[in-house]
Amino acid sequence: MSPDRPKRRPFPWIRTIMAVGVVGALIVLGGQMLEQERVGGESPVTEAGPRVPNAVFPTETFVGKDVPQPINYSHKLHAGDLGINCLYCHTYARRSMVAGIPPTAKCMGCHTIVSTADEKPEIEKLTVMWESGQSPAWNKVNDMPDFVHFSHERHLQKFLFDNPDMNVEDSREVCAMCHGDMVEVGVAKKMRPLTMGFCNTCHENNDGPADCTRCHK
Amino acid sequence: MTTKIDRRNFLKVLGLGGAGAALAGCDMPSYATMEEGEEQVFSYLAPEEYMVPGIGIWYASTCLQCAAGCGVHGRVREGRALKLEGNPDTAVNKGKLCQMGQAALQTHYNPDRITKPRIGGKEATWPEALAYIKANASGAPVWLTGSIGGHQAVMLDTHLSASGGGKHYAVETVNAQAWQAACADTLGDAHPELHIDKASSVLSFGADFLGTWISPVKFMTDYGEFRGAPRGVLTVVEPAMTLSGANADHWVAARPGSQAAVALGVAHMLATEYAVSTSALPAGAVDAIVAMTPERVSELSGVDAKTLSKIADTLMSNHPSLVIGDGGYETAAAAMTLNLMLGNIGATITPGVELIPADLGVRGGSTKALADFASDAQAGRIGTVFITGTNPVFTAPGGLMMKDALAKIDLKVAVALFEDETTQMCDVVLPLASPLEDWGTHVPPSGAGRGEIHVQQPLMEKLHPDVLGLGDILLGLSQDAGADGLADFDDYYAYLRTAISAMIGTDLETAWQAVLQAGKVQAPAADRVFAANGALTTNVPETNAPTAGQLSLITTARQGLFDGRHANLPWLQEAPDQISKAVWDSWAEIHPATAAGLGLKDGDYVTITSDNGAITTRVFLYKGVHPDAIAVPMGRGHTHYGRYATGIGVNPLSLLDGTADGRTGEFTNTTSVRVQATGDNRHLVRLMDVDRQYGRKLAATISADQHRRNQGGA
């Protein structure tokens with residue numbers, strides 16, 4: 001190294017790395033906050049109508065994907081306009097861990113008489129499957145990971161059947177706690193995040209159990 | 001000059017980067033596992049009222065993982081069998097189920113199952129396969145099966161008699177033929193009922209009743225009662241420790257093949273020191289006992305007079321006792337001699353029952369049948385064979401040349417769940433329904449329940465549409481062969497229902513449903529009566545003392561992989577061995593003193609060579625094996641048995657000669673081998689890697705001496 005060559009300032013490695021780190025963290029955080037904004041985590045609840053008495057209603061919402069289904073079943077029509085109780089079709093919800101999809105026999109119980117295959121193309125699809133002994137392959141909208149044990153029966157028991165101020169006729173409101181108001185969407189869509197944070201918040205607000213093994217068994 | 005990243009700067013960078021990462025990950029929901037529209041869900045079409053998704057329904061059926069025929073309850077949810085437990089209402093297993101039974105689910109859901117018929121390795125349809133069999137059959141067909149009983153056995157006989165009167169070879173590598181022969185000779189009843197629960201002391205000569213012998217789950221429940229207050233005393237004499245031996249109060253290592261000498265030595269002690277009468281014995285047996293002096297016993301077996309006297313003392317001070325023995329007719333006969341002397345007949349050994357009709361009874365498999373099959377095939381006496389429930393190429397001793405024998409048969413048809421070493425040699429492979437998809441009846445060989453027959457019903461729809469149950473295949477073949485009285489039955493279910501309705505005397509739907517619900521039906525049965533004077537032949541036994549410089553190879557059976565049929569079930573490969581705690585590999589148990597003599601240490605690979613071949617595996621130094629022996633558990637070493645079993649471990653059965661016992665024709669499971677180190681050493685993977693607790697008192701122990709002094713134990 002010749003002595004007359006100007007002494008170069010050393011490259012500020014530490015500052016550069018720290019600056020990159022800060023910028024990176026800001027980008028990640030900002031991105032996540034935008035995401036949060038997009039799914040409407042902070043937005044207030046705007047749904048109208050009676051909520052569940054003796055319970056703190058969850059506020060967090062989620063804008064789910066449009067999930068294509070083999071039959072465009074409309075919750076808006078059945079549960080909304082026609083006022084059919086959720087538990088009429090999802091009859092397993094009060095008896096089992098899973099709410100279940102109603103058996104085709106139940107659909108056909110009505111649709112051999114009202115709105116038959118001759119009138120509606122979607123019902124025709126259903127009728128063809130029924131007659132050929134095929135079950136519709138529904139695409140799962142609300143899917144819990146396998147390590148989560150969630151019981152529909154237990155939650156309905158607490159918020160609906162054991163709730164002195166609730167009538168079974170209003171079961172829709174209890175379902176809406178985790179599923180949102182399905183009558184707003186028509187074909188089923190995910191409307192609550194159903195994350196552990198979501199579950200925990202509700203458990204805290206409604207005195208639900210907080211031990212890990214209650215859900216992770 | 002450059003900036004030095006010293007420790008301080010490094011920590012600064014790390015701290016900030018880490019804080020950023022932590023902030024980014026903080027309290028933000030992750031949707032990674034929350035899928036929308038990724039999975040499908042199928043609804044029922046028109047379900048029964050009692051079907052609720054998410055809620056299991058239990059159906060009764062029968063376990064076919066070994067020949068014991070335990071009753072099971074299977075939990076079915078959304079049309080899938082999810083869990084098996086013992087049926088609490090059966091006399092055999094009283095609600096208990098062993099690990100092999102639990103693993104039946106993996107047999108059922110196994111990805112290596114055969115799903116379509118195959119001709120010469122190529123997929124075919126059922127009509128094609130059946131037409132091929134018909135066109136290529138030569139001579140009267142024979143059946144080579146595992147142990148089989150109930151209505152399938154009746155149907156099998158029907159097929160054989162309708163199609164030319166071919167033979168039925170029932171093969172079982174892990175069996176109790178020697179014991180049954182001794183019982184038949186002494187008592188006139190090959191299947192007496194054993195009452196471990198009623199005994200105060202049990203002495204076993206190599207009969208692993210807690211692991212693999214006759215009906216382990218039944219014996220385990222009986223053993224539980226036997227060990228309850230007042231605590232029964234268990235003594236086990238065997239060359240290599242089994243699960244029963246590991247549970248014994250007093251475990252005695254005898255030279256391979258010398259258990260009979262020890263048993264007669266104990267009889268000698270009883271007669272001389274305790275003046276027990278030998279009047280109940282046939283003359284030949286008395287001579288054998290007189291000749292078996294403690295010196296002679298010690299010479300043959302390495303068991304000294306003090307030990308013999310201790311065993312005799314235990315038997316005398318804990319009455320009634322039960323003496324069992326297997327692994328050679330002499331051993332079983334000598335054990336029976338002790339039972340006669342001690343007055344156990346009628347106390348802990350009582351007559352069994354004879355089913356009416358008798359043809360429902362279980363055809364217990366033997367290794368003699370395998371030898372007979374091999375010699376008949378070698379001699380060209382078999383033209384067509386149907387093989388099911390057994391894998392002769394794998395389990396046959398190397399000396400039997402099973403592959404050559406099979407190759408001499410014109411048409412070989414396998415009715416199988418899985419591809420294995422035998423189906424590989426077969427011309428036609430028919431896909432069998434799993435035990436959880438099939439109908440059947442099974443007669444427990446232990447005789448528990450006195451005529452109780454277990455009903456096997458499908459727990460779910462067939463996973464693969466083209467598989468067929470054994471009963472259905474037998475029925476189809478019998479109908480095809482023109483058997484009488486079967487034309488009306490559309491399927492085996494119809495046949496079984498008619499047969500059981502006849503048995504219970506009503507064909508009401510409710511009665512049939514009650515049978516299915518209970519998982520069992522009481523068949524008419526007659527109590528057998530013990531013959532007054534049995535002809536017991538008690539020879540002075542020969543020991544299989546190895547020639548100088550060699551060791552006796554013992555092929556041990558374990559609850560788990562059993563005779564190798566369960567090697568393709570990962571749960572059982574993963575379940576640690578009861579003795580060595582090893583998983584997913586073979587090993588050879590060798591006494592530390594013998595190992596020191598050969599210069600071997602734990603994990604050293606050795607080549608074990610007999611006249612029939614050689615295997616290379618690791619040694620596991622263990623004091624629970626006689627110094628003259630090397631013990632290799634059977635079950636591993638498959639060359640063609642699906643993704644989980646192929647290439648795992650070694651098969652010691654291939655080293656055996658197939659020398660047969662004189663009275664029963666059963667193979668002796670020992671042979672002389674040379675053991676040589678290969679120079680390699682690798683750690684044997686064991687669940688419990690060390691035998692020490694390092695002072696942590698995980699399981700509190702006291703020394704045997706202390707126990708004897710303080711607790712008055714044996």
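How many residues of domain 1 of chain B are in contact with residues of domain 3 of chain B? Keep that in mind as you open the file, and remember that this is a predicted model.

**Stop 1: the domains of chain B**

Start by colouring chain B by domain. The assignment gives domain 1 as 118-170 + 357-527, domain 2 as 177-352 and domain 3 as 551-681. Now select domains 1 and 3 of chain B: 16 residues of domain 1 are in contact with 23 residues of domain 3, which answers the opening question. The C-alpha centres of these two domains lie 31 Å apart.

To see what domain 1 of chain B brings to this contact, select helix 14 (368-378) and helix 15 (392-395) of chain B, the elements that give two or more residues to the side touching domain 3. Colour that side by residue class and you will find 5 nonpolar, 7 polar and 4 charged residues.

**Stop 2: two backbone details in chain B**

Next, zoom in on His319(B) and Pro320(B), which are joined by a cis peptide bond with omega about 0 degrees. Pro320(B) sits in the loop that runs between helix 12 (305-317) and strand 13 (321-325) of chain B. For context, most peptide bonds are trans, and most residues other than glycine have a negative phi.

That second point leads to Trp584(B), a residue other than glycine with a positive phi near 55 degrees. Look for Trp584(B) in the loop between helix 20 (570-574) and strand 24 (588-590) of chain B. Is Trp584(B) buried or exposed? It falls in between: Trp584(B) is partly exposed, because 13 other C-beta atoms lie within 10 Å.

**Stop 3: chain A**

Move over to chain A and switch to a cartoon view. You should see 9 helices and 1 strand, in the order α-α-α-α-α-β-α-α-α-α along the sequence. Of the 217 residues in chain A, 20% are buried. Among contacts in chain A with a separation of 6 or more, 66% are between residues 24 or more positions apart.

Select helix 4 (residues 104-111) of chain A and show the side chains of Thr104(A), Cys107(A), Met108(A) and His111(A), which are buried. These residues lie on the same side of helix 4 of chain A because they cover an arc of only 95 degrees around the axis. Then add helix 5 (121-131) of chain A, against which the buried residues of helix 4 pack.

Finish in the loop between these two helices, where you will find Ser115(A). Although not a glycine, Ser115(A) has a positive phi of about 40 degrees. Ser115(A) counts as partly exposed because it has 13 C-beta neighbours inside 10 Å.

Note on methods: Residues numbered from 1 in each chain as written. Chains lettered and ligands numbered in written order. Predicted model: local features only at pLDDT ≥ 70, side-chain atom pairs only at ≥ 80, totals over all residues. Domains from an automatic or database assignment. Contact = placed C-beta atoms within 7 Å. Helix = DSSP H or I, 4+ residues; strand = E, 2+ residues; numbered from the N terminus. Nonpolar A, V, L, I, M, F, W, Y, C, P; charged D, E, K, R; others polar. Buried ≥ 20, exposed ≤ 12 C-beta atoms within 10 Å, placed from the backbone. Arc of directions from axis to C-beta.
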